[in-house]
Amino acid sequence: MRASGVLLPVSSLPSRYGIGCFSREAYRFVDFLKRYGQSYWQILPLGQTSYGDSPYQSFSTFAGNPYFISLEQLTEDGLLTKKECNACDFGSDPAYVDYGRMYEARYCILRKAFQRFDTADTDFKAFQTREREWLGNYALFMALKDEFRGKSWTGWPDDIRLRKPEALEAYEQQLEQEILFYEFLQYEFFSQWEALRTYANEQGIQIIGDIPIYVALDSADAWAEPKLFQFDRDRRPVAVAGCPPDAFSATGQLWGNPLYDWEYHKKTGYGWWMRRVLACYKMYNVVRIDHFRGFDEYYSIPAGDKTAEFGKWVKGPGMDLFDALKTELGDLNIIVEDLGYITDSVREMVRACGFPNMKVLEFAFDARDSSGPSDYLPFNYDKNCVVYTGTHDNETLRGWLDSIPQSDYRQVEKYLGRTMTDKNELVVEIIRLAHASTARLCIVPLQDYLLLDNKARMNEPSTLGKNWKWRLLPGQLTAKAGMFMKEMSDTYGRTPRPQAEESPELEGEPESGEKPSTQDDKAVASIQCPQDGTGSDDR
């Protein structure tokens, strides 16, 4: 069945308190997707972000991001007051997340909620028991980071860095309340997320989540389970992850993540991966695996190198991992991210897995490529793929059209068979091209539907300080943009069938043939939220 969806990180939702979260605006975005013929909401990883604020560098592969906990829900639960929430400074610009202020203010207000929470609550106790496999190590890890003023575990005193039993016992007693605080945060995160995901599924919206291939070095996973990784006897990395030099980076990309000891994983029947994948399916309906080629071959950079220039490719687990996952867990609903330089062995692994791979239209038009028509051009697609106009790592479509060479721009026009001086019109036609393709699933970043330029870009790889910040402004998601989504889904057979009963018409909605606009449109009432912290907290 053909379908379509929208890529929008939870952090980018409009909200009252500095960052998108599991508040009423998230529920209303689900309503918006349903109303306008969408079947999927794709998000970025929900893990707790660390330094650099990247969702792909998390303090735990199992824990959720406390920033996404709805303060309105905590207020409804009697753990906070509106006055307390409104008194916090989460940043002054509603278009961008201020992570520095978020870090200072969010944990402060969450600690107030914890002080009023009954840790003897039976649901909380059940959560602690159910998630004990990872929760205790994670909570102790975070409490220790506070104790050592944020220092990476690799710089902790040797007794606790090396997890000596007597040190573990002593710190667990000393930091008992801090440990409970972090367990409380996870309880609230998963309770609220499960409610939102259940609501989305009930409305016919499936959640596509994202699993980074690697975990961060400064993570509870690396500290608590060092045998999983290529560490020396002193638990220091032997080699780290990254990408080799290419046309975009002369020195490559040095990610710094610890690499897996695949021999150990194989000996243990890939037990940790079983746990990790199962945890993902508790959170998402579909899982996108980031950097899929790393399972075929991974780029290994000597630990301590300042660039990625002197790494080497090493064989990964290949199909052995995915055969084990299928045997243990059955058929999995997975999308593979196979972008970048792809070898024949990676293509064979994608084929053998049977998972749909990714096609990105922004990669399809390169006049400098003399190797022949791009694999990303729609006439090269088979049905078992997911087409994107761009991803979170790309420029927005409008920003891309503003920046590409004239020769690439002419290639786009030639493929479409039209000459267009209006770049917004060209954005619309590229979105149409994605929907019209044979790909079973079409995902479009919300920024592209809204014709936004690179001020709304989510991430620029290999840069720091400006990423993961963009947010949707209250009232920016318009009925006209929604009608364009629905027109595309209807026209190209991607609207869910049978259709759910339509919501009442909104005043001022455009005719279905009109193009989207970002100015002077009647906003969809259900996605608006007050900017001044006033108004009802009811969903």
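Helices (H or I, at least four residues) and strands (E, at least two) are DSSP runs, numbered from the N terminus. This is a predicted model, where local features need pLDDT of at least 70, side-chain atom pairs count only at pLDDT 80 or more, and totals for chains, interfaces and linings use all residues. Residues are numbered from 1 along each chain as its sequence is written, and side-chain values use heavy atoms, with hydrogens and water left out.

**Exercise 1: the whole chain**

Work out whether the chain is as compact as a globular protein of its length.

*Solution.* Start with the inventory: the chain has 19 helices and 12 strands. Next, take the radius of gyration over C-alpha atoms and set it against the globule rule, 2.2 Å times the number of residues to the power 0.38. The radius comes out at 23 Å, close to the 24 Å the rule gives for 539 residues, so the chain is as compact as a globular protein of that length. For the outline, the C-alpha trace spans about 70 × 55 × 40 Å along its principal axes. Then look at burial (buried is under 20% relative accessible area, exposed over 50%, partly exposed in between, with a 1.4 Å probe and protein chains only): buried residues make up 56% of the 539. Finish with contacts, meaning heavy atoms within 4.5 Å. Of those with a separation of 6 or more, 75% come from residues 24 or more positions apart.

**Exercise 2: helix 6 on helix 9**

Describe how helix 6 and helix 9 pack.

*Solution.* Two packed helices are described by the angle between their axes and the distance between the axes. Here the axes are lines fitted to C-alpha atoms over the stretch in contact, and angles run from 0 to 180 degrees between N-to-C directions. Helix 6 (residues 132–147) and helix 9 (residues 176–202) give about 125° and 8 Å. Now classify: under 35 degrees is roughly parallel, over 145 roughly antiparallel, 65 to 115 roughly perpendicular and the rest oblique. Helix 6 and helix 9 are therefore oblique to each other. As for handedness, a crossing is left-handed if the near helix is turned anticlockwise from the far one by less than a right angle, and right-handed if clockwise; this one is right-handed. On the helix 6 side the contact includes Trp134, Tyr138 and Met142, and on the helix 9 side Ile179, Tyr182 and Phe190 are among the partners. Its residues split into 10 nonpolar, two polar and three charged. In that count Ala, Val, Leu, Ile, Met, Phe, Trp, Tyr, Cys and Pro are nonpolar, Asp, Glu, Lys and Arg charged, and the others, Gly among them, polar.

**Exercise 3: helix 16 on helix 17**

Give the packing of helix 16 and helix 17 too.

*Solution.* Helix 16 (residues 406–416) and helix 17 (residues 423–436) pack at about 55°, with axes 11 Å apart. That makes helix 16 oblique to helix 17. Their crossing is left-handed. Tyr409, Val412, Tyr415 and Leu416 in helix 16 meet Lys423, Leu426, Glu429, Ile430 and Leu433 in helix 17, a contact with seven nonpolar, no polar and two charged residues.

**Exercise 4: loop residues**

Is tryptophan 468 buried or exposed? Do the matching check for histidine 291 and proline 373.

*Solution.* Tryptophan 468 is in the loop between helix 18 (446–449) and helix 19 (479–491), and at a relative accessible area of 6% it is buried. Most residues other than glycine have a negative phi, but tryptophan 468 has a positive one of about 65°. Histidine 291, between strand 6 (286–289) and strand 7 (297–302), has a positive phi near 55° and is buried at 10%. Proline 373 is in the loop between strand 10 (357–360) and strand 11 (385–388) and is exposed at 57%. Leaving out residues up to four places away in sequence, proline 373 touches Phe379 and Asn380.
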